[in-house]
Every structure is written in C-alpha cells, then in structure tokens.
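Here are a few friendly notes to read alongside the model. Please keep the 3D view open as you go.

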Amino acid sequence: MTGLGSYLGASILVLGTVFSHASLAAESPKPMDYLQDLAGEKGIGARVAGSEGEQRAAAYIEQQWIDQGLSPYSSSFNINDETLSKNIIVDLKGQSDKTLIIAAHYDSTGAKEGSVGATDNASSVAALLALSHNLRNQMLTANIRFIAFGAEEIGLLGSKAYVKQLSREELANIVGMINLDTIVGGDNLYIHSAHPEPYKCNGDAQYYSSDTSLRDSVLKQAQSGFTPNPFSKHPPFPGYPEGTTGGWSDHAPFACAGVPIAYIEATNFSINGKDGYDGYSQSTNGALWDCFADDKMSACDREKEQKWGDIWHSEFDRLDKLLPLFGERIELQLQQNIQLLTDFVSSNYTQ
Ligand SMILES: [Zn+2]
C-alpha cells in the first residue's frame, strides 16, 4: 500500500495534472488494510516491546502519517539499559492552545502463545490511522494529537514516559485523553472513565482525576450517531462501579496527572471471569472456552477452565482465527469506532 501510494504520488507529479486531494483520497487505504498490514498473514505480526517487530510497526505508522501529508515525530525512551522503544506522535493543529489526545499502543504480547496482537492492539492503531486521515483537512478548534505508544504491555512504559515529560502548564492545556485499547473482538463496545479510587500513580495520586465528562460526551455522541447504539457503559459490578475501569492501560498515567480520560474497549463485563467481573473475559463465544455455561455466564467448571474467553494475549488474537470465529463483527466494530470518533471530533472541535 505504501508503495502504491508513493507510485501514484510520483506519477501525478510527473504528469503535472490537476488531480485533487479527493482523487488521492479515493486511493487511501481502508481500515481493514491497516489491520492486515499490522497483523495479517503477510503483515508485520507480533510487536513485542523492544523487538524488531515493534520497530517495524513504528516505522509503518510513521510512514502512513507521512503518506497522509502529516508530520509525525517520535520520542524514544528506555525499556532497559540496552533496549529502546518509542512513541510516535502527530498533531492536527487547531485554533487554540487546547489539545485533545487520542492514543493507542502499538506493541503486542503473547507471541509465544501465538498472538500477533490483532485486536490488542493493531485494531486501535488502524483506527488512529483512519481517524487522522478523516480529520486531517478539517478546521479544528482544539489541537488533535494522535499518539501511538510503545511498550504498553510491559508496564505502560510509553505513556508513563510521555506524561512524565509534560509540565503542569502543558497538562492544563490537555482537555482530555481518549485511549483505544482492544476496540474490536469482544462482545460489547464500552466507553469507560477512570476508576473513582485512584490508580497506583507511583505512590503520588495528588492530581488524580476520575472525571467522567469526556466519557459522557463520547457516549452522548454515540447515542446520536447509531441506531441501535453499540456503545455503552458497563453495568456496575463488585469492584467496578458502572462505566469505570482499572489502571491497566495507557489512560492510567493521564488520570494520575489529572487529565479526564475516556477508554474504549471491546469486551464483556457480564461474564464472571477468572477473577470476577473485571472485563478480562471478552466473549461468550464457545471456541474461546473449554466449556462456557450460559446460565452461569461463567465457565462450566471454574476449577478446570483454562481459556476463560480471552482473545487478547492468546492464540486467538490473530486474524486467521478471529475472522472465522467472529466474521463481520471485526470490521463492523472497527468502522463503528472510527465513525464515533470522527463524529465526536467533528461535532466538538471543528469550526
Ligand atoms: Zn492492549
């Protein structure tokens, strides 16, 4: 795809004709193509933090943004003494100094189990690339900053490094952070806010924010954009009040720094999973369980169950397994996420 784009660009220059941006846009990749490039059979594949696969994914994301006519930049951080990872960032300039961040991690985990991180989290990276494509020529009020975080799976290293270098003044200009992590595959599309109880925050939770306003605005947009509306808050369960989530993804360092967050995730909080109702079991699909009991919304035998309805980090997180199991759900959910966030930015941050 990148090759084709460059070829078209070159021939247009050579011909010196009047091809408009619109005719180029017609050639732009589809979201499922981004997903295939990252996690398909002939794609980049596993992107374990610090690996060559992660570096190839970073280069791919940067190149896609360049091909969209944008100017991405990156910022490296240490995984350990010898190994680096990086965040890739691109800004769509708005008219004010306020910034909305939309972010997704691009590394993966579970390579040994056979995962190539198709849902977790190539799906969200595909959405980021499609969103920047959709929004790049809009007249924006606030800046929209897209960030592809590295090394999320080994301790949120990319997002922690990013937040750490922001001053209080810069943080005050960030109106919110929308985290996309595993936005396809699971049974339901949820929009979460941060948990009312502060996350660990490296022992310093003085700025912690569980502000629900960004989550609620995105939910409101979903209400007006879809019939039926596939997005919801998860119902209340022990340990997780309605619509709130744990500190296990890149939203957490932002909540710790006082930024309102919204976090979109495809999973199923109604399943009584290995550790209760925490959204870790993503689907009731029987193929993801040794045995699933509909009446209990849990494993037939909790002692014997091994698979627990997980897609992420497992043998199922690859397109050759997901597409036969879930069919059109994968593409539909991807499109719904992209539509929601395109509409959300267009309704709230354009002139
Ligand atoms: Zn993830």
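The points below cover the metal site and then the disulfides.

1. A word on the basis: this is a predicted model, with local features needing pLDDT of at least 70, side-chain atom pairs counting only at pLDDT 80 or more, and totals for chains, interfaces and linings using all residues. Residues are numbered from 1 along each chain as its sequence is written, and side-chain values use heavy atoms, without hydrogens and water.

2. Start with the zinc ion: His105 (NE2), Asp120 (OD) and Asp181 (OD), the last listed twice, are its protein donors, at 2.0 to 2.7 Å. Donors are N, O and S atoms within 2.8 Å of the metal (3.2 Å for Na, K and Ca); water is not among the atoms, so sites may look incomplete.

3. The donor residues follow the spacing H-x14-D-x60-D in sequence. Of these, His105 in strand 3 (residues 99–105) and Asp120 in helix 5 (residues 118–135) lie 15 residues apart; helices (H or I, at least four residues) and strands (E, at least two) are DSSP runs, numbered from the N terminus.

4. Now look for the 2 disulfides, each a pair of cysteine sulfur atoms within 2.5 Å. Cys201 and Cys256 have their sulfur atoms 2.0 Å apart, and the S-S torsion is about -85 degrees, so this disulfide is left-handed.

5. The other bond joins Cys291 and Cys300, with sulfur atoms 1.9 Å apart. Its torsion of about -65 degrees makes it left-handed. In sequence order, the bonded cysteines pair 1-2, 3-4.
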